[in-house]
Every structure is written in structure tokens, then in C-alpha cells.
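Open the model in your viewer and keep the sequence panel beside it. The stops below go from one residue to a surface patch and then to the whole chain.

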Amino acid sequence: MSKSASTPGKRFMKLASMTASIATKTVSNSIRNFNADEDQKNEARSKLFQNIGVQIADTLGEMKGAVMKVGQIASQYKDIFPPEVAKAIAKLQRQAPAMPFAEIKQQVEKELGQPLNKSFAHFDEQPFAAASIGQVHKATLHNGTPVVVKVQYPGVDEACESDLKQVRLALRLMGVIKVDKKLQDRLFHEIQESLHEELNYEIEAQNLEVFRTFHQALDSKIIIPKVYKEHSSRRVLTLSLEKGESIETASSWDLTVRNEIGRRLIQALGQQMFFLKRFHCDPHPGNFAFREDGSVVIYDFGGVKTLSSDIIGHFKTLVNAGRQQDISTIENQLTELDALAEKGKFPKELYNAWLEVLLRPLTTHYDFAENSAHHDGMKLVKKSLKYWDVFKPSPDTLMVNRTISGQYWNLIHLKVHDNLNDVFEELVPVQH
């Protein structure tokens, strides 16, 4: 973390100052527009949210470390913010300035309990990736095995608790979280759990081993790095070096290879959700690499969501009700998933139009590069806006929705052109 904002006191003051500034802006806006008509109030509110969103993004981005991670997680839950705030928070990038090697060396030696040259024959001083809570270096073990070493920045975990409280306070003061207090508590509890797990590399090591064993039994072309336990700890994670090409490179390959990769991404996600009941929930393209034999390498198992059997059951029933355009069952399942505020309010013809759009990429011969479902969905949004409050973000569905839509965009980047209906039916068999 940067020295300028590394001590808990300085971090607290910086965040408290941001919160106070947001509160002042919000109150001023209310007073200034007290007698304005509805359109003027909406325009003023939109401008306020834009300003506040930019302020939050700038402050969190500047501070790095845990609070930047909090901002990134908040951007994953963008459904709970107005679009102006979500857009600004989404600016928080994973790339962050690298930490000086001397501090990284000290952290590795402290965590592994011995000098760096005892643990590794070679350790690159320059990281090849730096993010909000740590950075990644290439290294070589004494037996000649090439590895990657993920090192957490010193002090990040201690700053997390207060960072999260301050961000939540700032959002609450500006009144931009679009959900009630009870749901807010559940959402922030989930963010806290997610952050706690991501900061504990021992949990990530367990995730890697579980998913590696699971996929090895099903598909040898899903490749997950191996953990070197004796070179790992709570804040250092040493993994096998698994090489692959970026999504940009893979998008230039032959269509048959791209289609095989697309099928593999959807199949792996479905197998995780419906059979393992735990899934890798960070579908950012940088967390995947690809090989020309159709193999998919999956990195970064810090973000894993576990689903209960009940939730899986609701999703399966929901999918089958969608296939049959059974609106009554759809609304019952959305209510069970805490994603519907009121039954019978959203028009049936709009439900049917949305079902066609949402199911099109999985049930027809679909050209992801053309992306017709997304374009038609954008038109439907305008017709659906006045009913939008009927649906609400649910802690049980947010990460599922985000991960599925993330993989959908990965297939768009890969320019997949295929009929995935057989994969879809294999994962969620049609109920008659």
C-alpha cells in the first residue's frame, strides 16, 4: 500500500473526509432543489450522483490496498447503485503501482520463515501483475520448477474492516444504495465475507485444490494451477506456472477452436454451479488463458461463491419455467430467491420478450459477435424501466447473474458462433 495512506489513522481521516464531503453535497442538493419540479430534481440528482461516484472512485483508487478492493467488489455489485455511481466505481482498475521489491522480499521471508534464496532458486524482482491487495512474481524452485508467487501487500488485511465501514457509511449518507436496510446488511455481510476470503491465501489454496480435483475428473482441458504448499502461507501463494494466450489472441484463432473454448467456459461454469455447488465468480478475461488445442486455464480462486441445494433447486425450476414461459412459476421462484418485490406487476408480454432475449444465446445457433440479444435487450430496457422497482437485487442472485453475464461477454470477445443448446440441456435437463 502507498505510504501516504498506509497508517490506519491516515486512512480513516481520508475516508471520513470523503464521507463528510458527500454528506454536505447531498444536503446542499436537497436544499437547492427543494422547490424544483420532478424533471429538474431528477436531473440534479443524476448530476449529484455522477459527482459523488467520481469522488468515491478517485479517493478509493488513490488509496489502493483494501479500500480499493472494497471499491472493486462494490463495482461487482453494481445493480445496487444508480448507474451514475456504478459507472464511476467501475473505473477502479485491477492494475496498481507495484510495491518496492525490498518490501515484497521482507513479506515473503516473514511469511515463509526463511531467507528468500532458501525458498527459491530465482525470484523475479519485477512483478508481472500488480493489483489492489497484492502482486505476482515469477520464480523458480530449487528443483528447477517454474512457479508464480502471489504476495499480499503488508497491512492490507488490517485496514479492511474500517475501510468497509467507511465506504458503507459514505454510500448510506448519499442515499444511493437502492435496497432496504435488511438487504443492505446481507449484501455488505457478503462483501465482507468475500473480502475476508480473498485476503486469506490459505482459503484460495483450498479452493484451487478442490476445483483442480473436480475438473480433472471431468475434463483434462480445464487447467487449474497446482499449489506448492511448502512455499505458501496465509499471505503468500506459490503456484505452478500455467501458460496460455490472452482472450484477444484467442479471438483470432480458427472458429472451431473458439467454439470449443466457448463451450468449455459455459460447461465448466455450469458444472461448478449445478454439481460442485461452488463457482469461480470473477469472470474477468484476465483470469483466463487459452491454448490452441481448446484448453482453458483458470486463474485466481480468491473469489468463490458457494450455493445451497435450495438455491440450486430454485434456479433449475426458474430456468425450466422460463423455457415453458410459465410466468406464475417464474414469479414464485424469483420471490423465493428474494429478487422480486411484488408479483403480478410486470406485464406478461414483457416477461415473454425478455425470456426470448435471455434464452436466445443458449437455445439457438447464435452469433456472439453480432450480439443480437444484447441489442434487443437494450430496446426492452426502455419499455421495462417504469416497472424496474418490481425487481430487486438479491444476495443469492447477484454473483450468479454477474458471473453468467461475464462469461457471456467472454464468448462475445471470442466471437463464438455456435448452438449451445446441448450444453444447456446437459447442465439443466428439461423437466416435463
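Select S119, which lies in helix α6 (residues 116-119); helices are DSSP runs of H or I with at least four residues, strands are runs of E with at least two, and both are numbered from the N terminus. This is a predicted model, in which local features need pLDDT of at least 70, side-chain atom pairs count only at pLDDT 80 or more, and totals for chains, interfaces and linings use all residues. Residues are numbered from 1 along each chain as its sequence is written, and side-chain values use heavy atoms, with hydrogens and water left out.

Is S119 buried or exposed? S119 is buried because its relative accessible area is 1%, where buried means under 20%, exposed over 50% and partly exposed in between (1.4 Å probe, protein chains only). Now show its surroundings: leaving aside residues up to four places away in sequence, S119 touches L112, Q114, L141, H142 and H231. Contact means heavy atoms within 4.5 Å.

Next, select D37, in the loop between α1 (8-32) and α2 (38-63). D37 counts as partly exposed because its relative accessibility is 42%. Add E38, D39 and E43 to the selection: with D37 they form a negative surface patch. Patch residues have over 30% relative accessible area and no salt bridge (a side-chain nitrogen of Lys or Arg within 4 Å of a carboxyl oxygen of Asp or Glu), and like charges are joined within 9 Å. Asp and Glu count as negative, with each charge placed at CG of Asp or CD of Glu.

Finally, select the whole protein chain, which has 17 helices and twelve strands. Of its 432 residues, 51% are buried.

Terms used
Patches are made of residues with over 30% relative accessible area and no salt bridge: like charges are joined within 9 Å, nonpolar side chains (Val, Leu, Ile, Met, Phe, Trp, Tyr) within 5 Å. Accessible areas come from the Shrake-Rupley method with a 1.4 Å probe; for residues, only the protein chains shown count as cover.
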